[in-house]
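Let's take a walk through this model together, going from the overall picture to individual side chains. Keep the viewer open as you read.

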Amino acid sequence: MDVKEIKYFYDKLKYEEDIFHNLMKRRVREILLVSTFYDAFIFEQDGRLSEQIHGEYRQLNLSTSPRITNVPTGEQALKLLETSKFDLVITMMRIGEIGPFRLSEIIKENHPKLSILLLINVSNDMALIDKDSPKMQYIDNVFIWSGDSKIFLTMIKYVEDRWNVANDTKEGLVRVILLVEDSVHYYSMFHPLLYAEIMKQTEKLIGEELDDINKRRRMRGRPKVLLCHTYEEAVEIYDKYKDYLVAVISDIRYKRNNKVEPEAGIYFIKYLLDQKAECPILLQSSEKQNQEKANELGVQFLHKKSNTLLNDLRNFIIENLGFGDFIFRDPSGIEINRVSNLNRFIETLYTIPGNSIAYHLNRNHFSTWLTAHGEFLYAREIKILKEQTDLTIEDLRSRLIKISFQVNQNKNRGKIIAFDPDSIKIEDRILQLSGGSLGGKGRGIAFLNSLLTAMNWKNRYKNWEIKIPKTYIIGTDEFDIFLKQNPVEENLSDKTDEEIESKFIKGHLSQLLTDKLRCLIENVDFPLAVRSSSLLEDSQFQSFAGIYQTYLLSNNQKNPEKRLKILGKAIKLVFASVFLRNARNYIESISYKLEEEKMAVLIQEVIGLNHSGYFYPLISGVAQSGLYGSSSEQGIEPGSTSFVLGLGKAINNNEPVVKIDFKKISRYFSQTNTELDGDQSGLYALNMGLKEDLPEKLELWVEKIGISDGVIRELSEVFLKTVNDKSQQNDFYSQNKGKINLKQLIARFKDSLIMIITELLDIGEKTFSAPVEIEFSINMLREKEILKSSFNILQIRPLIVNTEAIVIDEDELEKEDLFLISHRSLGNGETTGILDVVFLDFAEFNLNETLKMKTELAQINEEMKISSRNYILIGPGNWGTLDRYQGIPVKWSDIDQAKILIQLNSEELNFSNQNCTHFFSNLTTMNIGYCTVYSESDIDFIDLTWLKQQSLVRKTGFFTHFQLSDPVKVKIDGRNCLMVINKKG
């Protein structure tokens with residue numbers, strides 16, 4: 001997939017969010033208020049003008065509210081306009097010798113596009129306003145202030161809506177309310193109420209939204225209110241914005257053909273009906289008898305002299321613009337049911353009488369309600385339904401349900417949304433349980449989820465479902481709250497890891513999070529993985545892979561409170577892992593401070609099936625797009641993929657795995673001859689039998705088990721092409737008794753699998769602009785004659801690379817000048833200044849003593865740290881393993897002063913080394929080199945004789961510490977997996 005195609009889908013993903021930024025592009029930032037000092041004081045003190053404006057802008061989540069500059073006279077206004085820029089001028093009547101009419105004329109001559117509004121605050125001034133007078137042509141409109149400072153907000157929005165309506169309807173399908181009124185008194189009363197009620201109802205919808213993007217859309221995408229005063233203006237606006245109109249509110253008496261027409265509103269409504277306008281219409285009049293005319297036209301009526309005028313107008317907005325509950329009624333208008341959200345709406349559609357569906361459909365009530373909720377495209381689809389006369393009521397019901405389901409599914413697909421009980425089991429979205437950052441893992445999985453959803457990757461490959469497990473994120477805010485409410489940070493430096501964990505377990509999560517976790521536990525019955533996702537984790541600058549903790553929970557205890565307690569314990573242990581020794585040392589080694597780190601937590605569905613009390617996926621794997629030192633732009637080919645049966649712990653433990661090098665480039669790893677040959681007799685699984693008698697350590701829930709005959713028989717039914725072919729099943733069973741050949745299984749679907757992995761890595765590398773690593777699991781089920789496979793992406797992270805071009809010309813190398821040369825190296829770059837070497841000889845190595853060696857090496861490393869010395873570490877065994885029988889099971893904190901790790905292999909002590917481990921991700925982060933040297937190799941060598949001639953610092957039980965006379969120089973050519981160490985730097 002090329003970058004242009006990825007950009008297309010990314011733009012599709014960002015389309016709605018970009019729309020929000022494109023709405024309300026032009027805003028009023030600077031206001032020039034021309035008024036007496038007394039009027040300005042009254043506006044500010046009596047109406048709290050600045051507070052009103054700032055509060056409204058804060059609700060809109062805008063960064064700055066308009067600034068108001070006040071001058072008392074027209075002369076001063078003109079002088080200020082010579083040096084300052086303003087978006088809007090609001091002028092009063094009494095402003096000195098240059099009155100408002102002359103002032104507006106002069107301003108328009110010099111600033112023709114500057115909006116000017118006249119504000120009057122004395123009713124007697126109405127007599128001075130003659131809209132037909134030539135002197136009024138320079139004033140854009142007139143408003144009257146009756147003591148409510150909301151009129152200023154109305155004036156600002158009046159101007160902004162006029163500026164932005166053409167763009168916002170086109171770009172964001174924003175709705176329009178048309179208000180036709182020529183009375184300054186009434187529109188100065190109606191317009192603030194319309195705007196205030198729209199904002200109030202929009203805020204209610206914001207409260208229902210689960211996603212920040214949708215919240216921004218609700219505010220920025222609120223309906224525009226377009227005010228006009230004549231029949232011709234009204235027709236022009238209707239013709240231009242008829243596809244976006246959601247309501248028309250019209251007076252009866254106003255100008256038509258340049259003269260006041262007593263029934264201009266009647267003519268306008270008839271025009272709307274002739275044009276088949278499909279929006280609610282409200283006719284208003286001071287004359288009660290006009291209600292009969294409204295009834296004849298089939299529109300609603302508002303009596304201007306009613307004691308409940310404003311409340312009646314408010315009810316019209318709520319009931320007709322779709323802001324409130326949807327009220328299902330029968331054809332006589334009697335309420336049958338009411339719903340507050342889309343989920344309840346869909347449920348009710350199944351049971352509501354057919355005549356109610358016809359009643360609402362014919363009146364566009366469904367589309368109006370969806371429009372208010374921002375679902376414009378779907379509202380339009382429903383509108384079209386009523387034109388299909390060949391559909392029965394049940395056909396309509398079915399189509400409505402289908403459209404509503406599409407709205408519900410697509411509304412938040414691929415998005416991060418606020419926690420909502422109704423969305424707990426829905427795929428394609430991530431639920432956030434608390435605010436703050438998502439952390440490294442959270443950011444990666446959220447990004448990929450959004451992108452793949454936009455690309456509709458779920459069913460991209462035949463008989464494969466590609467998805468991200470259900471994921472719930474606790475943002476870093478909860479970590480801050482936990483540390484603030486629980487005194488867990490006190491005196492941690494002198495505590496052991498066990499003591500730190502115990503202290504955190506005794507702490508309490510916030511009540512708000514606990515309530516959400518309780519709801520989660522009550523609604524999910526699948527096993528859960530509780531994973532770290534810290535601020536610094538999995539970024540393009542540091543990895544932290546394997547530094548923090550992950551816990552797998554069976555989540556099958558009968559008592560939900562017990563499951564809640566276990567989940568809370570796992571979360572607190574993940575919080576605690578920030579402060580454990582290994583993490584503290586790692587943070588210090590990358591020049592960060594502990595207080596800079598914060599922890600988010602991922603709660604993720606564990607993918608797999610329950611096999612006789614043990615839960616695991618069929619296959620787990622880790623795939624890398626590239627390693628070593630070069631970026632994709634420099635042409636490095638895809639890396640390799642490691643596979644294991646069951647959970648992926650074997651990969652992270654650096655145990656033997658099946659490796660597929662798609663393009664056979666990984667010379668360092670593919671040439672090791674002790675990789676798993678395909679036969680796997682054991683796997684890691686989550687013990688589902690630990691229901692009541694639970695081990696204290698959560699990590700003990702994952703066990704390594706043998707492969708039972710029952711599992712082999714089950715797999716034979718899954719993989720064999722013909723389920724009923726007993727001979728093939730028996731043959732499979734007899735060939736694989738007590739073990740499974742993983743390569744044989746992968747071979748059955750390797751073509752599609754390689755395509756999936758290769759394309760995912762390609763997408764990842766191009767979107768991260770760096771090599772990436774993905775963790776995945778595979779499940780397989782046979783449904784009748786079809787093999788259904790699911791490829792589940794658990795994590796994506798960038799591989800930190802050093803892009804420095806290092807070229808080593810082997811023809812120019814002199815062997816006597818070299819301490820080491822290895823063609824099986826990991827890393828890229830140069831390292832100088834190292835004088836210390838810590839060496840473990842073959843003669844001292846004993847697999848039964850590796851734990852003692854670990855303790856001894858940790859002490860040496862600590863002493864090196866105190867003296868600020870780096871060193872080269874050399875010895876047999878795999879330095880990245882957690883298996884004590886594959887090497888010394890060191891943690892990162894045990895060797896974090898080492899800058900070069902050298903693994904010695906011999907014919908007797910020949911250990912495999914897998915690149916797909918957390919350990920090696922951290923090596924690349926720290927720019928630490930790793931290489932393997934075979935004692936029997938013809939091309940590689942290490943000069944141990946020379947090393948033993950160097951100054952002996954000390955000899956411990958197992959290790960020897962040498963100090964060199966001159967610092968060595970290490971060069972690693974990542975392109976060719978070549979490392980050389982010169983004896984002199």
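Helices (H or I, at least four residues) and strands (E, at least two) are DSSP runs, numbered from the N terminus. This is a predicted model, in which local features need pLDDT of at least 70 and side-chain atom pairs count only at pLDDT 80 or more, while totals for chains, interfaces and linings use all residues. Residues are numbered from 1 along each chain as its sequence is written, and side-chain values use heavy atoms, with hydrogens and water left out.

With that settled, a good place to begin is helix 18. Just after this helix, Asn456 takes a positive phi of about 55°. Helix 18 itself covers residues 439-454, and its 16 residues reach 22 Å from the first C-alpha to the last, close to the 22 Å expected at 1.5 Å a residue. (The expected span is 1.5 Å times one less than the number of residues.) Of those 16 residues, 14 are buried, so to speak of helix 18 as mostly covered is fair. Buried here means under 20% relative accessible area, exposed means over 50%, and partly exposed lies in between, with a 1.4 Å probe and protein chains only.

Now step back to the whole protein. There are 32 helices and 42 strands, and 58% of the 985 residues count as buried. Contacts (heavy atoms within 4.5 Å) often join distant stretches: among those with a separation of 6 or more, 74% are between residues 24 or more positions apart.

Next, find the open sheet of five strands, in the order 2-1-3-4-5 and with parallel pairing. Two strands pair if DSSP finds at least two bridges between them. Strand 2 (67-71) and strand 5 (141-144) stand at the edges with a single partner strand each, so one side of each has no neighbour in the sheet. From one strand to the next, the twist averages 25°. Angles run from 0 to 180 degrees between N-to-C directions, and axes are lines fitted to C-alpha atoms, for helices over the stretch in contact.

Strand 3 (residues 88-91) makes a good guide to this sheet. It pairs with strand 1 (residues 30-34) in the parallel sense over four bridges; Ile31 stands opposite Leu88, and Leu33 has Ile90 as its bridge partner. Strand 3 also pairs with strand 4 in the parallel sense, again over four bridges, and there Val89 stands opposite Ile116.

In a regular strand the side chains alternate between the two faces of the sheet. What covers the faces of strand 3 can be read from its residues: Leu88 and Ile90 on one side and Val89 and Thr91 on the other are all buried. Thr91 has a relative accessible area of 0%, and, not counting residues up to four places away in sequence, it touches Val34, Pro100, Leu103, Ile116, Leu117, Leu118 and Leu119.

Two helices lie across these strands. Helix 5 (residues 100-110) lies across strand 1, strand 3 and strand 4 (115-120), at about 170° to strand 4. Helix 6 (residues 150-172) lies across strand 1, strand 3, strand 4 and strand 5, at about 155° to strand 4.

Further along the chain, look at strand 33 (residues 818-822). Five of its five residues are buried, so strand 33 is largely enclosed by the rest of the structure. It pairs in the antiparallel sense with strand 42 (residues 978-982) over four bridges, and two bridges join it to strand 39 (residues 941-942), also antiparallel. Ile821 stands opposite Val980 in strand 42 and opposite Phe941 in strand 39.

Finally, turn to the rings. The structure holds 20 aromatic pairs, where rings of Phe, Tyr and Trp (its six-membered ring) pair if their centres lie within 6.5 Å; planes under 30 degrees apart count as stacked, over 60 as edge-to-face and the rest as tilted. The ring centres of Phe326 and Phe366 are 5.3 Å apart with planes at 25°, so this pair is stacked. It links Phe326 in strand 13 (residues 326-329) with Phe366 in helix 15 (residues 365-372), 40 residues apart. Phe326 is buried at 4% relative accessible area, and Phe366 is buried at 0%. The rings of Phe479 and Phe575 also have centres 5.3 Å apart, but their planes are at 70°, so the pair is edge-to-face. Both of these residues, Phe479 and Phe575, are buried, and ring pairs link them with Phe482, Phe504 and Phe579 into a cluster.
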